[in-house]
Amino acid sequence: MDYKVKDLSLADFGRKEIEIAEKEMPGLMALRKKHGEEAPLRGAKIMGSLHMTVQTAVLIETLTALGADVRWASCNIYSTQDHAAAAIAKSGVPVFAWKGETLEEYWWCTEQALNFGEGKGPDLIVDDGGDATMMIHKGVEAEKKPAILEQDYSEEGEDFRELMALLNKHYSEGSDRWQKVAEGIKGVSEETTTGVHRLYQMLDRKELLFPAINVNDSVTKSKFDNLYGCRESLADGIKRATDVMVAGKTVVVCGFGDVGKGCAQSMRGFGARVLVTEIDPICGLQAAMEGYEVTTVEAAVKEADIFVTATGNRDVITVEHMGQMKDMAIVCNIGHFDNEIQVEKLENLPGIEEINIKPQVDQFTFSDGHSIVLLSRGRLVNLGNATGHPSFVMSNSFTNQTLAQLDLWQNDFEIGVYTLSKKLDEEVARLHLGKLGVTLTELTPEQASYIGVTPEGPFKPEHYRY
Ligand code: NAI
């Protein structure tokens, strides 16, 4: 049995939702139509580490329709939709994912998805947050310097400690398994801001072992999924978790990048008073010009009802902050990793009492008697407490992912981090216009020449910021 999911009997439900999602994912369906027959990914072994949702199922089935041999794991312990995973397992694609994995199980699943038989790795990776890439890099490092397995990682967070524990458990002297896996990889396409940061850091340190495509910074990804996706799925997560009335409440959004902009707009749309925190003067000014109050967590901590972190940074909401919050303040994170909120410190705070309200909703009571409600234990609220972004916006992201996989498979890249061309970016957008009934104006040859483009595009220079 080459899969592990919660309940295979959910497969028919999963299949029905996948069929509905297909109707909302025109970009992926267009790629199937365009390339299905020639199967350009035939022979490619693709491993995915990306939230195992209904939308991801449509991505997986696009990759298999293009000929790939796929294995999959989720990139978060709470983000799997068990019916989607069941449908994928039933279709014969090995998938290792269920909602509510332990961290030990999480890394086990990642390793299973990376194993194409006898420890052999994939040709290509679809990564979200960089965990599959990190597992391979740390595996290689451990084979070359086994001493790193014995190091003290107490400052690093539980996710990382569990990865190192697993590598340690499976380590055998003289093994070159991970080095062979790394050598075999033609490339990785990375979905999110945080994963892309990791890639550029590894490239700068000359540690990156294979080429990467930064899918996040396609305009049709970060300016759509991060922004409009979170604009819908943040509220979905908060409401499914708490049923709280947002109107009239004070909401603090930490970080006013693409995700923060969507979150702030969402909460304002419900009638909340929205405060924003930022470190970057440009983003802080943008928030102010949008009419948000820009302040600090310290200044806002006693008056806010809901706190949302969207920074991709660590320790943004500390245990001291939570100690000063209003009774029953809601605390959640929509950034990629849970270290934006000091959850581990909260769990270990002397005198703290914890009550589980329901899955992914926990109440923590401090010794002074006030409580806070923590969603998804600080992990992505929109995927932990709801079902992530809607299909249509994910079609934009995943069309970029599929194009990136095709590019990596069909071409030989030097080690580096690349973005897709503006021509492809515009093509992704174009594939989604029909569904929304958009009619574009066509340039006349005179207009095209006046603004210095061709009538078919690309329509903007590389430095244009949208
Ligand atoms: P971004 O880089 O556009 O925005 C992050 C913002 O946070 C920046 O403007 C930065 O100046 C600010 N920031 C950094 N440290 C801060 C601090 N200590 N206090 C206040 N502000 C701070 O990144 P983006 O694309 O908005 O992504 C944010 C996070 O969300 C990343 O971890 C990303 O991977 C994740 N993400 C999550 C999604 C979801 O569905 N939950 C979807 C897309 C991205």
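1. Domain bounds, as used in this note, come from an automatic or database domain assignment. The structure is a predicted model. For this protein the assignment gives domain 1, made of residues 4–220 together with 389–424, and domain 2, residues 228–385. The C-alpha centres of domain 1 and domain 2 are 28 Å apart. Where the domains meet, 23 residues of domain 1 are in contact with 18 residues of domain 2.

2. One open sheet has seven strands, arranged in the order E3-E2-E1-E4-E5-E6-E15 with parallel pairing. Strand E3 (95–96) and strand E15 (417–418) each have a single partner strand, so they form the edges of the sheet and one side of each has no neighbour there. Helix H3 (residues 54–65) packs on this sheet and touches strands E1 (45–49), E2 (69–73) and E4 (124–127). The direction of H3 makes about 160° with that of E2. Helix H5 (residues 103–114) also packs on the sheet, with E1, E2, E3 and E4 as the strands touched. Between the directions of H5 and E2 the angle is about 175°.

3. Within the seven-stranded sheet, strands E5 (residues 187–190) and E6 (residues 212–214) run parallel and are joined by three bridges. In this pair, Glu 190 is placed opposite Asn 214 of E6.

4. A further open sheet contains eight strands in the order E9-E8-E7-E10-E11-E14-E13-E12, and its pairing is mixed. Its edges are strand E9 (293–294) and strand E12 (353–358), each of which pairs on one side only. Strand E13 (residues 361–365) and strand E14 (residues 371–375) run antiparallel, with five bridges joining them. Phe 364 stands opposite Ile 372 of E14.

5. Which domains contribute residues to the lining of the largest cavity? Domain 1 and domain 2 each supply at least three. A search of the whole structure finds one cavity of 30 Å³ or more, and the largest cavity holds about 70 Å³ of space. Its lining consists of Cys 75, Asn 76, Ile 77, Leu 103, Tyr 106, Asp 131, Asp 159, His 336, Phe 337, Asp 338 and Arg 379. By class, five of the lining residues are nonpolar, two are polar and four are charged.

6. For a first inspection, three features may be viewed in turn: the parallel sheet of seven strands, the mixed sheet of eight strands, and the cavity lined by residues from both domain 1 and domain 2.

Key. Residues numbered from 1 in each chain as written. Predicted model: local features only at pLDDT ≥ 70, side-chain atom pairs only at ≥ 80, totals over all residues. Heavy atoms only, no water. Pairing = 2+ DSSP bridges. Helix = DSSP H or I, 4+ residues; strand = E, 2+ residues; numbered from the N terminus. Contact = heavy atoms within 4.5 Å. Axes fitted to C-alpha atoms, helices over the stretch in contact; angles between N-to-C directions. 1 Å grid on protein atoms, 1.4 Å probe; cavity = no way out; pocket = protein on both sides within 12 Å on 5 of 7 lines; lining within 4 Å. Points joined across faces, edges and corners; volume = space filled by probe spheres on them. Nonpolar A, V, L, I, M, F, W, Y, C, P; charged D, E, K, R; others polar.
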